[in-house]
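Reader: I have a new model open and would like to learn how to read it feature by feature. Could you walk me through it?

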Amino acid sequence: MKHDTQHEQHSHHERGEQHGQHTDHSRHVDHGEHEAHPGHAGHTGHHPAKAGWAMAAQATLHCLTGCAIGEILGMVIGTALGWGNMETMVLAIVLAFFFGYTLTLRSIRKAGVDFRTALRVALAADTLSIAVMELIDNGVIALWPGAMDATLSDTLFWGALALSLAVAFVVTTPVNKWMIGRGKGHAVVHQYHH
């Protein structure tokens, strides 16, 4: 009976139940090592990045590049297939998101991040930025008289597209600055380049 009691106490001790707490502290690490732990790579709320205008402009330019590729390709495909304005615009928006995400995904994958994590980071980093950019960009084109009916060979098409992208850049840059300051958006992407 005495042997059973000792065995039970030993069992509790191994599970860390003695005195209501565990006794083995050898597995504990300091916070510096904890933050470097691979399982915490996606955590960004601990230390928000310094939100400078240069970083925000760079993030916006990155999104703008993907959006411009998607917009132009969408317009070319829609025009070549003889689609109407609405169908062409929807295709251009879908392709803008696709290329925006793809550029970010590509840069994160280069840092050695697995595809699933990289995709999650790209979606978190770019969704708001691309959405604002597309809203402004397409809004300017829709409101510009004759721009929706201009073809790829018209100066009006290229002029309206260039101006709409410039306006989108100006409006989206403060959004990206705000997000980076909160440790979101491209602040998440930035941590994978160190």
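**Reading the model step by step**

Author: Gladly! Just after helix H3, glycine 82 takes a positive phi of about 70 degrees. Keep in mind as we go that this is a predicted model.

Reader: Which residue with a positive phi follows H4?

Author: That one is glycine 112, and its phi is near 90 degrees.

Reader: Let me step back, then. How many helices and how many strands does the protein chain have?

Author: Seven helices and zero strands. Read along the sequence, the pattern is α-α-α-α-α-α-α.

Reader: How do I judge the span of a helix such as H3? What does H3 reach from its first C-alpha to its last?

Author: The general idea is to set the end-to-end reach beside an expected span at 1.5 Å a residue. H3 has 28 residues and reaches 39 Å, close to the expected 40 Å. You can do likewise for H4, residues 85–110: its 26 residues reach 37 Å, close to the expected 38 Å.

Reader: Now for burial. What share of the residues of the protein chain count as buried?

Author: The cut-off to remember is that buried means under 20% relative accessible area, while exposed means over 50%. Of the 194 residues here, 32% count as buried. In H4 the buried residues include Thr88, Met89, Leu91, Ala92, Leu95 and Tyr101.

Reader: Is tyrosine 101 well inside that cut-off, and why does it count as buried? What is its relative accessible area?

Author: Tyrosine 101 has a relative accessible area of 17%, so it counts as buried. Its place is in helix H4. Tyrosine 101 touches Ala122, Leu123, Asp126, Thr127 and Ile130, leaving aside residues up to four places away in sequence. For a backbone view, its C-alpha is separated by 8.8 Å from that of alanine 125, 24 residues apart along the chain.

Reader: And threonine 102, also in H4: why does it count as partly exposed?

Author: Threonine 102 has 31% relative accessibility, and therefore counts as partly exposed. Its C-alpha lies 8.8 Å from that of leucine 119, with their positions 17 residues apart in sequence.

Reader: What about valine 76 in helix H3: how accessible is it?

Author: Because its relative accessibility is 35%, valine 76 counts as partly exposed. The C-alpha atoms of valine 76 and threonine 151 are separated by 9.1 Å, although the two are 75 residues apart along the chain.

Reader: That makes me curious about contacts over the whole chain. What share of them join residues at least 24 apart?

Author: Take the contacts between residues at least 6 apart in sequence: 71% of these join residues at least 24 apart.

Reader: How do I read a nonpolar core? Which residues have the most contacts inside the largest one?

Author: Start with its membership, then ask which elements supply it. The largest nonpolar core has 18 residues, and those with the most contacts inside it are Cys67, Ile130, Met133, Phe157, Leu161 and Leu165. H3 (53–80), H4, H5 (115–143) and H6 (155–181) each supply at least two residues of this core. Apart from it lies another core, of six residues, among them Ile108, Val113, Ala118 and Val121.

Reader: Which residues does methionine 133 touch?

Author: Leaving aside residues up to four places away in sequence, methionine 133 touches Thr60, Cys63, Leu64, Cys67, Ala168 and Thr172. Threonine 172 lies in helix H6 and is buried, because its relative accessibility is 0%. By the same kind of count, threonine 172 touches Thr60, Ser129, Val132 and Met133.

Reader: Last topic: pockets. How much space lies in the second largest pocket, and which residues are closest to its centre?

Author: The general idea is that rolling a probe the size of a water molecule over the atoms shows where empty space is left. In this model, the second largest pocket holds about 250 Å³ of space. It is lined by 18 residues, and the closest to its centre are Met75, Asn85, Thr88, Met148 and Ala150. H3, H4 and H6 are the elements that give two or more residues to this lining. By character, the lining divides into 11 nonpolar residues, six polar and one charged.

How values were computed. Residues are numbered from 1 along each chain as its sequence is written. This is a predicted model: local features need pLDDT of at least 70, side-chain atom pairs count only at pLDDT 80 or more; totals for chains, interfaces and linings use all residues. Side-chain values use heavy atoms; hydrogens and water are left out. Helices (H or I, at least four residues) and strands (E, at least two) are DSSP runs, numbered from the N terminus. The expected span of a helix is 1.5 Å times one less than its number of residues. Buried means under 20% relative accessible area, exposed over 50%, partly exposed in between (1.4 Å probe, protein chains only). A nonpolar core is a set of buried Ala, Val, Leu, Ile, Met, Phe, Trp, Tyr and Cys residues joined through side-chain atoms within 4.5 Å. Contact means heavy atoms within 4.5 Å. On a 1 Å grid over the protein atoms alone, a cavity is a set of points where a 1.4 Å probe fits but cannot get out, and a pocket is an open set with protein on both sides within 12 Å along at least five of seven lines; lining residues have an atom within 4 Å of a point. Grid points are joined across faces, edges and corners, and a volume is the space filled by probe spheres set on the points. Ala, Val, Leu, Ile, Met, Phe, Trp, Tyr, Cys and Pro count as nonpolar, Asp, Glu, Lys and Arg as charged, and the others, Gly among them, as polar.
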